[in-house]
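Here is a small set of exercises to work through with the model open beside you. Try each task before reading its solution.

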Amino acid sequence: MTGPLVGRSILVTGAGRGLGRGLALACAAAGADICVASPRENGAETVAEIEARGGSGTWVRCDATVAADVEGAVAAAVDRNGGLDVVIHNATSRRSSEPARLEDIDEALWHEHVSVSLRGAYHCAQAALSQLRARRGRLIVMTSSAGIEGSAMLPVYGTVKGALRGFAKSLAREWAPFGVTVNAVSPLAETPAMTSAYEKDPTLEARLARVVPMGHLGDPETEVGPAIVFLAGDGAGYITGQTLAVDGGRFMTL
Amino acid sequence: MLTGRVVLVTGGGGGIGRAIALGLEDAHATVTVVDGEFASRTDVEAAFAAAREAAGPIDAVVHAFVDPTALTNETLADTAEADWDRRCEAMLRAALLCCQAARRELSARGGRLVLVTPTMALTGAAGFVPYATALEGMRAMAKSAARQWGERRITVNCVAPPVELMAPAGAAGPAGLALTDHALGRAPDARADVAPVVALLAADASHFVTGATIPVDGGIVMAP
């Protein structure tokens with residue numbers, strides 16, 4: 001394997017399918033060894049796909065809401081590679097694309113979103129800091145345009161994705177003295193979650209296409225993945241606390 | 001500016017909530033205060049209903065509640081899970097419960113909802129990761145609520161004071177985030193400087209402003 005990430009050890013939460021799988025494949029193709037953290041067997045399918053293309057990785061059964069699971073995933077990555085360079089917190093609730101009204105949000109749906117996105121981010125940071133510090137590593141959290149501009153369909157998803165931007169900015173300040181960067185990436189990607197959102201709202205795809213300057217949703221591996229490879233690579237060590245939008249131009253503010 | 005308007009202020013018993021409540025009274029609003037914990041949806045809705053019984057139908061809700069531990073200066077690595085829960089997730093949940101109770105009170109006639117989200121949300125702050133995380137979540141929640149409730153003529157906005165104004169007496173917020181001083185030469189006063197902007201968002205003039213965050217910090221952050 002050759003590529004900009006050869007020798008790097010990367011942990012991706014929620015890498016069993018969808019965007020997380022695409023990011024894992026992109027990083028593996030760039031030479032990294034991937035720890036695919038997923039609570040379900042689809043993590044093994046991601047690893048099989050990585051290996052079929054000549055890359056390397058392992059699946060660790062990991063529920064991001066459980067501290068011991070995240071610690072186990074970090075330990076597995078360290079066992080394989082002697083350390084950990086990058087953590088990508090990509091996992092979201094399986095109910096994340098379920099449309100809802102804010103006034104109707106109940107404790108169960110709230111807990112789903114908050115526990116995976118926010119408690120999961122806390123667990124990732126807690127479990128990985130000493131390893132990331134040793135290698136001047138990177139923490140990347142996946143956010144969304146819903147977290148930047150709000151969402152009329154997915155208000156809690158927007159809330160936790162916005163919260164992750166706050167997490168990235170403050171933790172970036174905290175970890176900068178260690179040489180560890182913390183960034184957020186805001187993708188717009190064709191994923192099973194998006195497909196399911198289309199099924200619930202048949203007009204969504206056409207509406208989205210109209211407001212995405214590039215006219216289509218990004219491919220997780222070939223259009224979003226390269227931005228992650230860049231942030232995980234040598235050239236991105238001076239970028240921290242940022243939100244990198246990889247969304248076909250959907251959101252232009254700054 | 002607010003004669004005849006009823007404004008409910010959460011966290012109004014002390015700190016910035018009290019200062020905003022007093023400032024809204026300066027603007028001639030009838031102010032009612034809800035204080036205490038945001039334990040359950042039922043509790044918060046009951047507290048809002050009791051405030052309505054006492055003060056009359058509510059025109060605007062200001063969420064100024066802040067947990068007294070939210071501004072604890074502690075690295076994330078040293079933050080125990082229970083403290084993460086209290087300073088981050090519980091603060092975010094309190095905002096949800098406030099939004100839901102406000103929606104219930106305001107739905108018949110439309111109205112205004114204002115969340116107080118210090119500029120730390122915009123800039124990030126070392127030592128305050130849990131609360132800063134909750135604050136950026138609150139800003140995104142306000143935008144989603146604004147999108148969903150606009151059809152009910154409910155506007156939802158955020159006012160961002162400097163974080164020092166959020167701290168309980170004696171506690172210091174993060175320092176040294178800005179390279180420059182306040183453009184206006186002094187730190188804002190919550191009652192004199194922040195409350196009038198909250199009042200503006202509760203008044204007729206701002207009826208077309210929604211989903212916005214308005215920094216009221218004397219010109220430190222100047223967010224893009």
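The exercises below go from the whole of one chain to its sheet, then to single residues and the contact between chains.

This is a predicted model, in which local features need pLDDT of at least 70, side-chain atom pairs count only at pLDDT 80 or more, and totals for chains, interfaces and linings use all residues. Residues are numbered from 1 along each chain as its sequence is written, while chains are lettered from A and ligands numbered from 1 in the order in which they are written.

**Exercise 1. Describe the overall build of chain B.**

Step 1: List the elements. Chain B has 6 helices and 6 strands, where helices (H or I, at least four residues) and strands (E, at least two) are DSSP runs, numbered from the N terminus. Their order from the N terminus is β-α-β-α-β-α-β-α-α-β-α-β.

Step 2: Check the compactness. Chain B has a radius of gyration of 16 Å, close to the 17 Å from the globule rule for 224 residues, so it is as compact as a globular protein of that length. The radius is taken over C-alpha atoms, and the rule is 2.2 Å times the number of residues to the power 0.38.

Step 3: Look at burial. Of the 224 residues in chain B, 56% are buried. A residue counts as buried if 20 or more other C-beta atoms, placed from the backbone, lie within 10 Å of its own, as exposed if 12 or fewer do, and as partly exposed in between.

**Exercise 2. Work out the sheet of chain B and the helices on it.**

Step 1: Order the strands. The open sheet of 6 strands runs E2-E1-E3-E4-E5-E6 in chain B, with parallel pairing; two strands pair if DSSP finds at least two bridges between them. Its edge strands are E2 and E6 of chain B, each pairing on one side only.

Step 2: Zoom in on one pair. E3(B) and E4(B) (residues 111–116) pair in the parallel sense over 4 bridges, and Val61(B) has Leu113(B) in E4(B) as its bridge partner.

Step 3: Add the helices. Helix H3 of chain B (residues 81–106) packs on the sheet and touches E1, E3, E4 and E5 of chain B, its direction making about 175° with that of E3(B). Helix H5 of chain B (residues 129–149) lies across E4, E5 and E6 of chain B, at about 160° to E5(B). Axes are lines fitted to C-alpha atoms, for helices over the stretch in contact, and angles run from 0 to 180 degrees between N-to-C directions.

**Exercise 3. Is Met222(B) buried or exposed, and what is its phi?**

Step 1: Place the residue. Met222(B) is in the segment after strand E6 (213–215) of chain B.

Step 2: Count neighbours. Met222(B) is exposed because 11 other C-beta atoms lie within 10 Å.

Step 3: Read the backbone. Phi of Met222(B) is near 50°, a positive value in a residue other than glycine. Most residues other than glycine have a negative phi.

**Exercise 4. Which residues far along the chain does Gly56(B) contact?**

Step 1: Place the residue. Gly56(B) sits in the loop between helix H2 (41–55) and strand E3 (60–63) of chain B.

Step 2: Name the partners. Leaving aside neighbours within four places in sequence, Gly56(B) is in contact with Val6(B) and Thr30(B); contact means C-beta atoms, placed from the backbone, within 7 Å.

**Exercise 5. How many residues does each chain give to the contact?**

Step 1: Count. Chain A gives 34 residues and chain B gives 36 residues.

Step 2: Find the main contributor. On the side of chain A that touches chain B, the largest share, 16 residues, comes from H6(A).

Definitions and conventions: Two residues are in contact if their C-beta atoms, placed from the backbone, lie within 7 Å.
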